[in-house]
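Here's a quick walk through a few spots worth a look. Have the viewer open as you read.

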Protein chains: 2
Amino acid sequence: MLAPISWRVPPRHYGPWELVVSTLTEGLVRRGVDVTLFATADSITTAKLVAVSPTGYSEDSRLNAKVYEGLHIAAAFERSDEFDLIHNHFDFLPVTYSRLVRTPVVTTIHGLSSEQNLEVFRAYNDIAWLVAISDSDRRPSLRYCATIHHGLPIDDFTFEPTSGDYLLYFGRIHPDKGTAEAIEVARRTDRKLVIAGIIQDAAYFEEKVKPFIDGHRVVYAGSVGPEERNRLLGGALALLHLINFDEPFGLSVIEAMATGTPVIAFRRGSMPEIVSDGTSGFLVDTVGEAIEAVERLGGVNRASVRQWAEEHFSAERMVDDYLELYQRILRQPSRPSGPH
Amino acid sequence: MLAPISWRVPPRHYGPWELVVSTLTEGLVRRGVDVTLFATADSITTAKLVAVSPTGYSEDSRLNAKVYEGLHIAAAFERSDEFDLIHNHFDFLPVTYSRLVRTPVVTTIHGLSSEQNLEVFRAYNDIAWLVAISDSDRRPSLRYCATIHHGLPIDDFTFEPTSGDYLLYFGRIHPDKGTAEAIEVARRTDRKLVIAGIIQDAAYFEEKVKPFIDGHRVVYAGSVGPEERNRLLGGALALLHLINFDEPFGLSVIEAMATGTPVIAFRRGSMPEIVSDGTSGFLVDTVGEAIEAVERLGGVNRASVRQWAEEHFSAERMVDDYLELYQRILRQPSRPSGPH
């Protein structure tokens, strides 16, 4: 399991890729799989931990990211003969080592920060086992072996059977994520809004968010840790996820549903794959439709929302899916050695 | 031959690493060596050119350096079984691929932009064939197989038997390179100074250089191409190379000597290895000594300066040194395969 080394596994606060790696790794170990996790030295795991970098390079600015990336990736590939499979969660650079070893390399594409990154995956289409995190995130030029939605440890999220009285915005504060749209929906439905997340776009926060924060109708809770997240998500009437981009997946969406809180999301990116319209929330196309959806929340059964999350977005389902993929790959005839 | 892809090989203007790669590659081809050059697609060579990146990422800001670096390095390593040797000029990242192939990898350390880069070379001390570009640039923690000074195609530089009447500063304009010290020496010896090079430190240029430029006693020639360089170097009384850092090598120093122009250099870094004190110029410790050295230039024979350059810094000498190293490496018993 080749984790990114931007943050610790599992991350202390932010770090969605590292969070998924942790959930999958711990799930595989519970199933009896012999997992070696290549991650930062301060990572916490029941797998065998192998580390080159003392901590995440986003957590300590003295660390030279490129130096540790190279050493970290090489550490895994140099031991490839010990492993049946290498599962790469660290973007495209490890893929460029993959033809030099015989061990199959599975790559989950967690995000594509640049369209040029596609060029690497394209160049390895013939041997790369690429996993999409949603069907909406599949790129026509890439050959995928599976779509596997993320899952989470459902039991870490407390089911809250009673609806709360506030709307919740949960995510980094950025135009992509629709903070301003959430504020508009809350104001026009005369509901309280709680905003939680790091400020990623300071100008947007100053202009579109801060003027509405009054500590009463619109509350800014900042970045919240696991315990407060659980409470905030569970206590909400609904999560507003009015995204302005084709989001490949939404971890906060499945976290909300795990507590029983329905989600009102724009019908974009992966949302139609994650939110069951009418059961676990509502898919809408406009702010006006989002406002109407708020008025229809009384018709949503919170137990059904939780059940939807349990059935589709549990860690166990994700582990099942990856195990099935691993076994499918291992049934393939082994390909000839690389350059030897 | 794995070149950097920051610039074309050979570079159009700036690009010292790419320049050395070009000189070595062309020299090896002249000796009948079968060389495949991995470089940008617009590179010019008599070797077999293999390219992934259309041009240098420093020449086209649309190119994602990391994407092309990975693809470029992998392209060479994936074909390693076709080569007796891989000669890496592309810093530390290729070294992290080297345990995955059986082909020996020689790395010339052209520069160390960060002390942390040493960690990669240190981690591969047991199998990396490291070449220092001067003895002064050797780091105690690294195991080198050779020091090989750069060479240049001496015949591209016209020997000028007669001393010119101006002092020359040739290099990027930066405190490290001693532009201000060169101006002081010229003023106090009442000589004309010509300054040639890109402005790398704009504040330094504004404060310490520009006030003295009068187009008469102190002339700024900007960045000059190969032809004007030849004329400027050859026409000088001396090159002033009053560096304020331990420069690992000085290409402009050997270029000046190739035209017969002596060099007055601070006794730092690689200078004592490059300048023959009293024969090809003078090594000094202070501006005062540099001023005295200007007065002693009449005692330097320009033919001897050229001869020093021919004997020690020709392309052919560099090619000889690398060929000897390659042969020494190929006589070693081959090491076992990497992870297979």
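## A loop glycine in chain A

A:G215 sits in the loop that runs between α5 (202–209) and β9 (218–222) of chain A. Keep in mind that this is a predicted model. Is A:G215 buried or exposed? Its relative accessibility comes out at 58%, and because the cut-off for exposed is over 50%, A:G215 counts as exposed.

For a sense of where the loop goes, pick A:L193 as a reference: A:G215 and A:L193 are 22 residues apart in sequence, and their C-alpha atoms are 9.7 Å apart in space.

## A parallel sheet in chain A

Still in chain A, look for an open sheet of four strands, ordered β3-β4-β5-β6, with parallel pairing. The edges are β3 (86–88) and β6 (144–147) of chain A, each of which pairs on one side only. On average, neighbouring strands in this sheet are turned by 25 degrees against each other, direction ignored.

Zoom in on one edge: β3(A) pairs with β4 (residues 105–109) of chain A through three bridges, in the parallel sense. One residue to click on is A:H87, whose bridge partner in β4(A) is A:V106.

## Helix α4 of chain B

Now over to chain B. Which residues of helix α4 (residues 179–188) are buried? They are B:T179, B:A182, B:I183, B:V185 and B:A186. These residues are on the same side of α4(B), because they cover an arc of only 165 degrees around the axis. Turn to the face pointing away from that buried side and you'll find the exposed residues B:R187 and B:R188.

What do the buried residues of α4(B) pack against? Their partners in chain B are two helices, α5 (202–209) and α9 (287–295), plus the strands β7 (166–170), β8 (192–196) and β10 (236–241). After α4(B) comes B:D190, which has a positive phi, near 55 degrees.

## The nonpolar cores

In soluble globular proteins, nonpolar side chains tend to be buried together. Here the largest nonpolar core has 86 residues, and those touching the most other members are B:L167, B:L168, B:V185, B:L193, B:M257, B:I264 and B:L325. Helix α11 (residues 315–330) of chain B gives the most to this core, with seven residues. Another core, of 85 residues, lies apart from it, and its members include A:A182, A:Y204, A:M271 and A:I274.

B:I264 is a good one to select. Leaving out residues up to four places away in sequence, B:I264 touches, among others, B:A238, B:L240, B:H241, B:F282, B:V284, B:A290 and B:L297.

Conventions
Residues are numbered from 1 along each chain as its sequence is written. Chains are lettered from A and ligands numbered from 1 in the order in which they are written. This is a predicted model: local features need pLDDT of at least 70, side-chain atom pairs count only at pLDDT 80 or more; totals for chains, interfaces and linings use all residues. Side-chain values use heavy atoms; hydrogens and water are left out. Buried means under 20% relative accessible area, exposed over 50%, partly exposed in between (1.4 Å probe, protein chains only). The arc is that of the directions from the helix axis to the C-beta atoms. Contact means heavy atoms within 4.5 Å. A nonpolar core is a set of buried Ala, Val, Leu, Ile, Met, Phe, Trp, Tyr and Cys residues joined through side-chain atoms within 4.5 Å. Two strands pair if DSSP finds at least two bridges between them. Axes are lines fitted to C-alpha atoms, for helices over the stretch in contact, and angles run from 0 to 180 degrees between N-to-C directions.
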